[in-house]
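Work through the exercises below with the sequence and model in view. Each task is followed by a stepwise solution.

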Amino acid sequence: MNDKTEELRDIFTDVTDGEATVTESQEDTRGSLEKDERTVEDRLENVITQMRERYEFETPLTDAQLIALAKAFYDDESDAAIADELDVDEDVVFETRLSLHLVADDDADEVDLVAIRDREEDDATLAAEYDVSEAQIRRYRKVAAAKNESRAANDRYRDEFDSILADADLTDRMASDVREDGLEDATEGMETDVEF
């Protein structure tokens, strides 16, 4: 050994308190695409409970209905379809959806929500300016308020819904693909047209 190697070996032995090796045995753990320890419903219920406690919003919907609403929203169902499914008025779905920070891209795509949120004119003035009804302006203001409330929480709850529901769909698709691919590989080359 040359001097540099000897010096490095001495430093290594000093740092490791004389141990011959610094590696630990590794466990052969296997990941899973199948499930988290908690179910999707449990995770959604947890988020909804946190939001109820923080924002104290009122809705006639139960937690189970709120979970169904969130799932339907992520399945791109309309408020009307969700209302039919939950047997409630469409306005209840809209208001509750906004309370959960579930704002759809097309909730207010005709107007600049920031401009509406910051304007103090009455609904009639804004309706005339944007050439929409006063009811639409009230709707847009509610959407703007929901987005603002969500932004104030750093979109935390929306991100949690995204994580739970969007990832659940991805996990289901990936897990089924893994199962299908595994079966195809296992049966590849087998004779299936066998007569007995």
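**Exercise 1: I48**

I48 is found in helix 2. This is a predicted model: local features need pLDDT of at least 70, side-chain atom pairs count only at pLDDT 80 or more, and totals for chains, interfaces and linings use all residues. Residues are numbered from 1 along each chain as its sequence is written, and side-chain values use heavy atoms, with hydrogens and water left out. Helices (H or I, at least four residues) and strands (E, at least two) are DSSP runs, numbered from the N terminus.

Task: decide whether I48 is buried or exposed, and list what I48 touches.

Step 1. Apply the cut-offs: buried means under 20% relative accessible area, exposed over 50%, partly exposed in between (1.4 Å probe, protein chains only). I48 has 0% relative accessibility, so it counts as buried.

Step 2. Look for contacts, meaning heavy atoms within 4.5 Å. Leaving out residues up to four places away in sequence, I48 touches D63, L66, I67, L100 and F161.

Step 3. Check a distant pair. I48 and Y157 lie 109 residues apart in sequence, with C-alpha atoms 8.7 Å apart.

**Exercise 2: helix 3 and the core**

Task: test the length of helix 3, then find which helix gives the most to the largest nonpolar core.

Step 1. The expected span is 1.5 Å times one less than the number of residues. Helix 3 (residues 63–74) has 12 residues and should span 16 Å; its end C-alpha atoms are 17 Å apart, which agrees.

Step 2. Pick out the buried positions: L66, I67, L69, A70, A72 and F73 in helix 3. An α-helix has 3.6 residues a turn, so residues three or four places apart point the same way.

Step 3. Define the core: a set of buried Ala, Val, Leu, Ile, Met, Phe, Trp, Tyr and Cys residues joined through side-chain atoms within 4.5 Å. The largest has 23 residues, and M51, L69, L100, L102 and F161 touch the most other members. Helix 2 (40–55), helix 3, helix 4 (79–86) and helix 9 (156–187) each supply at least two residues of this core. Helix 3 gives the most, with 6 residues.

Step 4. Trace L69. Beyond residues up to four places away in sequence, L69 touches L61, I82, L86, V93, T96, R97, L100 and L102. A second, separate core of 15 residues includes L98, V103, A108 and V111.

**Exercise 3: leaving helix 3**

Task: describe D76 and E77.

Step 1. D76, just after helix 3, has a positive phi of about 60°.

Step 2. E77 sits in the loop between helix 3 and helix 4. Its relative accessible area is 29%, so E77 is partly exposed.

Step 3. Not counting residues up to four places away in sequence, E77 touches A72, I82 and E85.

**Exercise 4: the packing of helix 5**

Task: classify how helix 5 packs on helix 4 and on helix 8.

Step 1. Axes are lines fitted to C-alpha atoms, for helices over the stretch in contact, and angles run from 0 to 180 degrees between N-to-C directions. Angles under 35 degrees count as roughly parallel, over 145 as roughly antiparallel, 65 to 115 as roughly perpendicular and the rest as oblique.

Step 2. Helix 4 and helix 5 (residues 90–99) pack at about 110°, with axes 8 Å apart. Helix 4 is therefore roughly perpendicular to helix 5. D79, A80, I82 and A83 in helix 4 meet E90, V93, F94 and R97 in helix 5.

Step 3. Helix 5 and helix 8 (residues 134–152) cross at roughly 25°, their axes coming within 9 Å. These two helices are therefore roughly parallel.
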